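User: I'd like a close look at one part of this model, with its surroundings filled in as you go.

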Amino acid sequence: MPHGGKHMAATTGKKALKQQLVSFRVNDKPVELEIGSLPHQVETSHTLAHTLRETLGLIGTKVTCDNGACGSCTVLMDGRAVLSCMTLTVECQGRSITTIEGLADCETGALDPLQQSFIDHTAFQCGFCTPGMILSAKALLSDNPSPTEEEVKEALSGNFCRCISHYQVVRAVMAVAQEGK
Ligand code: FES
Ligand code: FES
């Protein structure tokens, strides 16, 4: 038994030395980050919003309240809308994240129909809430390609706009739904 005990201690020691990583995909590209407290590492307390903006430079994701109340930090996780300020980066292991930077066609550069419709309907003023609005709408249309106006309003009810662009937003989303793109 003393032999076995020594062996276990050695194995545990080796494991402790191994760098812990968190791996996931962002906009279809693999991302692998070290977990730790050094400046280039991800701390276990870091939110996905922080990592996207500060570590990966994807500043299209906006942070307003940083408290789950405004929806401006919305991104897609495996196709579902999540608040990136309320999601820890270490919870993203194995997940696929889509940010506003990942919506346009990466080969042609063509905007996603929702992005184009927001432009066509002037569905923004300052634009700060827009990435979150578009990603919430994207999740809705993936689940329900023909929503009613009420369903659009419900899906976007967690996304706040201080410039009062709500009516144009609903029109922009309904236009995409009606065109069936
Ligand atoms: S910044 Fe995440 S909900 Fe407001
Ligand atoms: S367009 Fe300014 S916050 Fe919505």
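Where is Asp66 found?

Analyst: Asp66 is found in the loop between helix 2 (48-55) and strand 3, where helices (H or I, at least four residues) and strands (E, at least two) are DSSP runs numbered from the N terminus. This is a predicted model, in which local features need pLDDT of at least 70, side-chain atom pairs count only at pLDDT 80 or more, and totals for chains, interfaces and linings use all residues. Residues are numbered from 1 along each chain as its sequence is written, chains are lettered from A and ligands numbered from 1 in the order in which they are written, and side-chain values use heavy atoms, leaving out hydrogens and water.

Now for the backbone at that spot. Asp66 has a positive phi of about 55° although it is not a glycine. Most residues other than glycine have a negative phi. With a relative accessible area of 46%, Asp66 is partly exposed; buried means under 20%, exposed over 50%, and partly exposed in between (1.4 Å probe, protein chains only).

Asp78 makes a nice companion to Asp66. Asp78 has a positive phi too, of about 50°, and is not a glycine either. You'll find Asp78 in the loop between strand 3 and strand 4, and at 43% relative accessibility Asp78 counts as partly exposed. That loop is the turn of a hairpin: strand 3 and strand 4 form it with two residues between them.

So much for the loops; strand 3 is next. Strand 3 covers residues 74-77, and four bridges join it to strand 4, the two running antiparallel; strands pair if DSSP finds at least two bridges between them. Thr74 has Leu83 as its bridge partner in strand 4, and Val75 has Val82. Strand 3 also pairs with strand 5, again in the antiparallel sense, over two bridges. One of the residues involved is Leu76, whose bridge partner in strand 5 is Thr98.

The side chains of strand 3 split neatly. Thr74 and Leu76 point one way, Val75 and Met77 point the other way, and all of them are buried. In a regular strand the side chains alternate between the two faces of the sheet.

Step back and you see the whole sheet. Five strands form an open sheet in the order 2-1-5-3-4, with mixed pairing. Strand 2 (29-34) and strand 4 (80-83) stand at the edges, each with a single partner strand, so one side of each has no neighbour in the sheet. Helix 4 (residues 130-143) packs on this sheet and touches strand 3, strand 4 and strand 5 (96-98).

Ala81 shows what edge strand 4 meets. Ala81 is found in strand 4, and at 40% relative accessibility it counts as partly exposed. Leaving aside neighbours within four places in sequence, Ala81 is in contact (heavy atoms within 4.5 Å) with Thr74, Val75, Leu76, Ser136 and Ala139.

Phe160 is another residue to look at, and it lies in the loop between helix 5 and helix 6. Beyond four places in sequence, the contacts of Phe160 are Ala69, Cys70, Cys129 and Met133. Both cysteines are buried: Cys70 has a relative accessible area of 12%, and Cys129 has one of 11%.

Following the chain on brings you to helix 6 (residues 166-179). Its buried residues include Val169, Val173 and Val176, and they pack against helix 3 (113-120), helix 4 and helix 5 (149-155). After helix 6 comes Gly180, with a positive phi near 65°.

That packing leads into the largest nonpolar core, which has 24 residues. A core here is a set of buried Ala, Val, Leu, Ile, Met, Phe, Trp, Tyr and Cys residues joined through side-chain atoms within 4.5 Å. Leu114, Phe118, Val152, Val169 and Val173 have the most contacts inside it. Helix 3, helix 4 and helix 6 are the elements that give two or more residues to this core. Leu114, again beyond four places in sequence, is in contact with Ile134, Ala137, Lys138, Leu141, Val173 and Val176. Apart from that core lies another, of 14 residues, and here you meet strand 3 again: Met77 is among them, along with Phe24, Val31 and Leu33.

Note on methods
Axes are lines fitted to C-alpha atoms, for helices over the stretch in contact, and angles run from 0 to 180 degrees between N-to-C directions. The expected span of a helix is 1.5 Å times one less than its number of residues.
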